[in-house]
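Colleague: I should like a close look at one part of this model, namely the way its helices pack against one another. Please set that part within the chain as a whole.

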Amino acid sequence: MLIHHTIELAKFKSKRLLEQSPGLFVWIAEQYNKVLGHSTDRIVSKDSDICIEGFPRCANSFAYAVFRNYQPESLSIATHIHSAAQIIKAVSLDVPTLVLIRNPEACVVSLRALRKEAAVRENKHYFHWHIQHEIRWYINFYKQLMPYKGKFVLARFDEVVTDFGAVIKRINQQLGTSFADFEHTPENRDQIFSTSNYHLSPSDKRKEFKEEFKAQYMAPENQYLIQKAEAIYQNMIA
């Protein structure tokens, strides 16, 4: 278990380091998927119709599902790399880009709770590193994007999950696109939940785990990082 834990942490740190060079990061991600025989559709290219990215647990899957299911024609959607590098590359390619954001506590706590829920569902050992790694990831993720504000549309988590139709209208207005509207009714929302993986919709088990991780997040030794993360969040949405 210790070896597995060490390998996973090394992979996590390596990915964060590579993100400092967006072009190289995206190229490596593409080559990695090709070697494994995986699709590269979710990695941004000049042929992408839209890029939808944010830190994990910012309603990435909900936004992707709307574009996948409610547009009149199939789109090439770059998404779920969960990297600022993909966003920066998309901007450089003039690909219409939607960046999702949520307050750091909710993101980090929800991400940890989801990982534990997944381990329980799959009857696997749950391993984790210090929560400061995720807080630093959040800080670096949005800090990298600050110079690009105005070149993408930013949407808060609460906007995405309550009125995504308004978000699409903003994309069209600001980026000159013509994506179809989405009527954010309870019926359409529930349809997305019912046809998606469990991670997208709320979960009682995840809610239970969140209480555990909130205590970890708010530990005294994390306060200086929390302040940085909150400042980045406020600067992004200002």
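Modeller: The account below begins with the whole chain, then follows the helix packing, and ends with two loop residues.

The model is a predicted one. Its secondary structure amounts to eleven helices and four strands. The radius of gyration is 18 Å, close to the 18 Å that the globule rule gives for 238 residues, so the chain is as compact as a globular protein of that length. Measured out along the principal axes, the C-alpha trace spans about 50 × 40 × 40 Å. Of the 238 residues, 48% count as buried. Among contacts with a separation of 6 or more, 77% are accounted for by residues 24 or more positions apart.

Helix 6 takes part in two of the packings described here, with helix 11 and with helix 4. Consider helix 11 to begin with. Helix 6, residues 132-145, packs on helix 11, residues 223-237, at an angle of about 30°, and the two axes are 9 Å apart. Angles under 35 degrees count as roughly parallel, which makes helix 6 roughly parallel to helix 11. The crossing of this pair is left-handed. On the side of helix 6, the contact involves Gln 132, Ile 135, Arg 136, Tyr 138, Ile 139, Tyr 142, Lys 143 and Leu 145. Their counterparts in helix 11 are Tyr 224, Leu 225, Ile 226, Lys 228, Ala 229, Ile 232, Tyr 233 and Met 236. By class, the residues of this contact divide into twelve nonpolar, one polar and three charged.

The other partner of helix 6 is helix 4. The axes of helix 4 and helix 6 come within 9 Å and cross at roughly 10°, which makes helix 4 roughly parallel to helix 6. Here Ala 84, Ile 87 and Ile 88 of helix 4 meet Phe 141, Gln 144 and Leu 145 of helix 6. This contact has five nonpolar residues, one polar residue and no charged residues. Leu 145 thus appears in the contact with helix 4 and also in the contact with helix 11.

Helix 4 (residues 84-92) also packs against helix 2 (residues 22-36), at an angle of about 105° and with axes 8 Å apart. Helix 2 and helix 4 are therefore roughly perpendicular to each other. Helix 2 contributes Pro 22, Gly 23, Phe 25 and Val 26 to the contact, while helix 4 contributes Ala 85, Gln 86, Ile 88 and Lys 89. The residues of this contact divide into five nonpolar, two polar and one charged. Ile 88 of helix 4 is in contact with helix 2 and is also one of the residues that meet helix 6.

Two loop residues complete the picture. His 80 lies in the loop between strand 2 (77-79) and helix 4. Its phi is near 65°, a positive value in a residue other than glycine. With a relative accessibility of 22%, His 80 counts as partly exposed. Ala 59 is found in the loop between strand 1 (50-54) and helix 3 (60-70). The phi of Ala 59 is near 75°, again positive in a residue other than glycine. Ala 59 is buried, with a relative accessible area of 11%.

Note on methods:
Residues are numbered from 1 along each chain as its sequence is written. This is a predicted model: local features need pLDDT of at least 70, side-chain atom pairs count only at pLDDT 80 or more; totals for chains, interfaces and linings use all residues. Side-chain values use heavy atoms; hydrogens and water are left out. Axes are lines fitted to C-alpha atoms, for helices over the stretch in contact, and angles run from 0 to 180 degrees between N-to-C directions. Angles under 35 degrees count as roughly parallel, over 145 as roughly antiparallel, 65 to 115 as roughly perpendicular and the rest as oblique. A crossing is left-handed if the near helix is turned anticlockwise from the far one by less than a right angle, and right-handed if clockwise. Contact means heavy atoms within 4.5 Å. Ala, Val, Leu, Ile, Met, Phe, Trp, Tyr, Cys and Pro count as nonpolar, Asp, Glu, Lys and Arg as charged, and the others, Gly among them, as polar. The radius of gyration is taken over C-alpha atoms; the globule rule is 2.2 Å times the number of residues to the power 0.38. Buried means under 20% relative accessible area, exposed over 50%, partly exposed in between (1.4 Å probe, protein chains only).
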